[in-house]
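The notes below are meant to be read beside the coordinates, and they go through the charged pairs, the surface patches and the cysteines in turn.

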Amino acid sequence: MNKFRERIRQFFFPPEGTPLWLKAAPYVVLGILTLVVLVSGAYAWEYTNSPEFCGEACHTMPPEYTSYLTSPHARVDCVECHIGRGFIAERITRKAGDARHVIASVFKTYEYPIEAKQLRPARETCERCHFPEKFSTDSLKEIPHYRSDTENTPYSIYLIMKTGGGSERLGLGQGIHWHIENPVYFYAADKDQTEIPFVRVVHDDGTVTEYTDVESDFDRQDLPNEELEEMDCITCHNRITHLVNYPEDMIDKLLHRNLISPEIPEIRRVSLDLFYRDYDRVQTALDSFALLDEYYQKNHPGYYEENQAQIAQAVDQLQNAFAQSVYPEQKSDWTSHPNHIGHENTPGCFRCHGGTHLNPQEEAIRLECNLCHSIPVVSEANEFITEIEISTGPEPENHTNTNWISLHHEAFDPTCANCHTTADPGGVSDTSFCSNSACHGTAWVHAGFDAPELRARIIDQLPPTPTPAPTLVPAVEEDIAFDTVLPILIDQCGFCHNETGPLGLNLNSYQTVMAGSDNGPVVIPGDPDTSPLITKTTGAEEHFNEFTTDELELIRQWIAEGAPE
């Protein structure tokens with residue numbers, strides 16, 4: 001050992017008379033070793049930042065890695081979101097802070113299911129590629145579905161997604177991205193942010209409006225301001241890279257892509273039944289799916305005889321879908337992490353827009369279907385044309401009440417037919433605007449439709465029940481006074497054309513009727529054929545409402561007589 005140490009000392013500190021190349025040797029060796037360390041370190045840094053390291057070297061990550069590979073971010077490195085960008089020293093410091101994950105893996109102290117904590121802010125991650133001000137245009141979305149009947153009947157739900165947002169330069173707009181372009185703060189009562197009892201909105205003029213969930217026991221006085229979080233992309237898009245679809249969505253996508261033939265009888269119903277069974281191991285589930293072969297051999301022998309290959313393919317696709325979605329050992333499946341996009345399976349949008357968040361004036365954060373998308377339209381496969389309604393006309397005054405959706409089923413009356421088709425109101429037959437199966441065919445458990453405290457607070461906001469105008473058809477020779485015409489105008493037109501009506505047209509008194517609108521008179525005494533009050537409701541141009549034949553004849557006769565008061 002002493003000889004070895006002596007040789008090392010002489011190598012690094014050569015005696016007098018040593019050749020120059022031997023004196024330089026220690027520095028060459030140290031240079032090579034330094035280069036090896038730097039290159040190896042660079043490769044190690046790149047590898048430990050790679051998705052393969054996160055997903056394959058870490059034995060706790062199979063569920064997250066599998067969903068990542070099929071996500072829109074499959075070509076984005078994990079560290080882009082979990083470490084963020086920045087100067088190399090800053091990134092190394094952040095990564096060193098994650099050493100606790102290594103310790104947790106060694107001593108098996110990590111929790112299941114895996115939860116991401118302390119993500120970088122969205123402005124440092126998402127908005128590096130997705131600039132919210134540029135994502136402001138509306139878009140059409142088709143969502144294909146299948147029914148759980150023998151024929152797996154297909155249908156689609158169409159939505160116009162109102163992206164909104166933008167900037168003053170691009171044009172401000174309400175809609176989804178409005179929440180990112182304006183300061184919105186909230187308090188979440190749980191780690192998953194599924195319960196949000198308090199919201200603060202900062203308006204353009206600097207004023208603030210605060211909303212509290214009246215169905216919660218939350219007290220604003222107990223909340224320090226530093227506990228508020230500002231809304232950003234991740235507040236809603238929290239599972240965009242690690243989403244596990246619910247079985248209904250998975251199976252509908254497989255049917256739509258014809259990876260599972262929709263011609264297989266009952267395949268959707270039977271598949272859903274198998275997906276929702278309780279399995280302790282994945283292999284047990286895969287064995288259950290394999291029994292589909294026997295099911296069709298027994299229950300649909302004629303189809304089975306001619307289509308064994310289709311059934312075998314369906315079994316294979318269902319097994320793959322389940323194996324990539326469910327990890328019993330890690331307590332991970334489609335229910336383990338709430339997805340805040342939408343509002344059907346999890347609270348999502350209804351965390352704030354459930355109708356139960358009121359300000360001191362009893363005004364709600366609006367529970368409005370058409371704030372973020374159009375009213376959904378259900379289209380059957382055999383329909384040649386799908387008509388999607390986009391409301392752009394004047395809103396009746398009661399519709400502007402922020403609690404309108406929570407009240408509208410109690411305010412239904414004949415005046416609704418002025419603007420909407422109303423057959424089978426509240427039904428699911430899709431025979432009219434008011435029988436929409438996409439709305440009424442789902443139990444919206446996360447919305448506040450039946451919230452008792454909300455009901456008690458807003459019941460007084462119900463609009464008064466309108467008194468129908470009498471049908472008056474006097475004899476032709478009888479002179480007609482305006483008092484006979486006024487109830488018809490109020491009943492048929494007053495919803496829109498009142499003190500705040502469009503184009504300044506108010507049809508609630510003789511003086512305002514004769515004053516006309518911003519475009520000029522609507523009644524030309526003695527000339528009903530050119531009076532806009534007649535031509536607008538009888539011409540080719542569509543209008544929200546039209547008079548009945550008797551009402552039209554009465555108004556026409558009144559104008560022909562000189563429109564007397």
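1. Asp 529 is a convenient place to begin, since this residue is exposed, with a relative accessible area of 54%. Please keep in mind throughout that the model is a predicted one. The partner of Asp 529 is Arg 556, with which it forms a salt bridge whose closest N and O atoms are 2.6 Å apart. Arg 556, for its part, is partly exposed, at a relative accessible area of 25%.

2. What does this pair tie together? Arg 556 lies in helix 24 (residues 549–560), whereas Asp 529 sits in the loop between helix 22 (510–515) and helix 23 (532–538), so the contact ties together parts that are 27 residues apart in sequence. A further set of salt bridges, sharing partners, joins Glu 115, Lys 191 and Asp 192 into one network.

3. How many salt bridges are there by the rule applied here? The count comes to 14. One of the pairs is that of Arg 123 and Glu 127, whose side chains meet at 2.6 Å, N to O. The two partners sit in different classes of accessibility, because Arg 123 is exposed, with a relative accessible area of 54%, while Glu 127 is buried, with a relative accessible area of 16%.

4. Glu 266 and Arg 269 also form a salt bridge, with the closest N and O atoms 2.5 Å apart. Here Glu 266 is buried, its relative accessible area being 14%, and Arg 269 is partly exposed, with a relative accessible area of 36%. As general background to these points, side chains of opposite charge can pair when their charged atoms come close.

5. On the surface, a patch of negative charge is made up of Glu 46, Glu 52, Glu 56 and Asp 77. Of these residues, Glu 56 belongs to helix 3 (residues 51–57), and at 57% relative accessibility it counts as exposed, the cut-off for that class being over 50%.

6. The surface also carries a nonpolar patch, formed by Val 102, Ile 103, Val 106 and Phe 107, which together have about 440 Å² of accessible area. Val 102 is placed in helix 7 (residues 99–107), and this residue is exposed, with a relative accessible area of 55%.

7. How many disulfides does the rule give? The count comes to zero. Cys 81 is in no disulfide, and the nearest cysteine sulfur, which belongs to Cys 126, is 5.9 Å away; because a disulfide calls for two cysteine sulfur atoms within 2.5 Å, that separation does not qualify. Cys 81 is partly exposed, with a relative accessible area of 30%. Cys 416 is likewise in no disulfide, the nearest cysteine sulfur being that of Cys 434, 6.1 Å away.

8. A last point concerns a separation across the model. Gln 308 is found in helix 15 (residues 308–323), where at 38% relative accessibility it counts as partly exposed. The C-alpha atom of Gln 308 is separated by 61 Å from that of Arg 457, the two residues being 149 residues apart along the chain.

Key
Residues numbered from 1 in each chain as written. Predicted model: local features only at pLDDT ≥ 70, side-chain atom pairs only at ≥ 80, totals over all residues. Heavy atoms only, no water. Patch = residues over 30% accessible without salt bridge, like charges linked within 9 Å, V, L, I, M, F, W, Y side chains within 5 Å. Areas by Shrake-Rupley, 256 points an atom, 1.4 Å probe, with all protein chains shown as cover. Salt bridge = Lys/Arg side-chain N within 4 Å of Asp/Glu carboxyl O. Helix = DSSP H or I, 4+ residues; strand = E, 2+ residues; numbered from the N terminus. Buried < 20%, exposed > 50% of the residue type's maximum accessible area, 1.4 Å probe, protein only. Lys, Arg positive; Asp, Glu negative; His and termini not counted. Charge placed at Lys NZ, Arg CZ, Asp CG, Glu CD.
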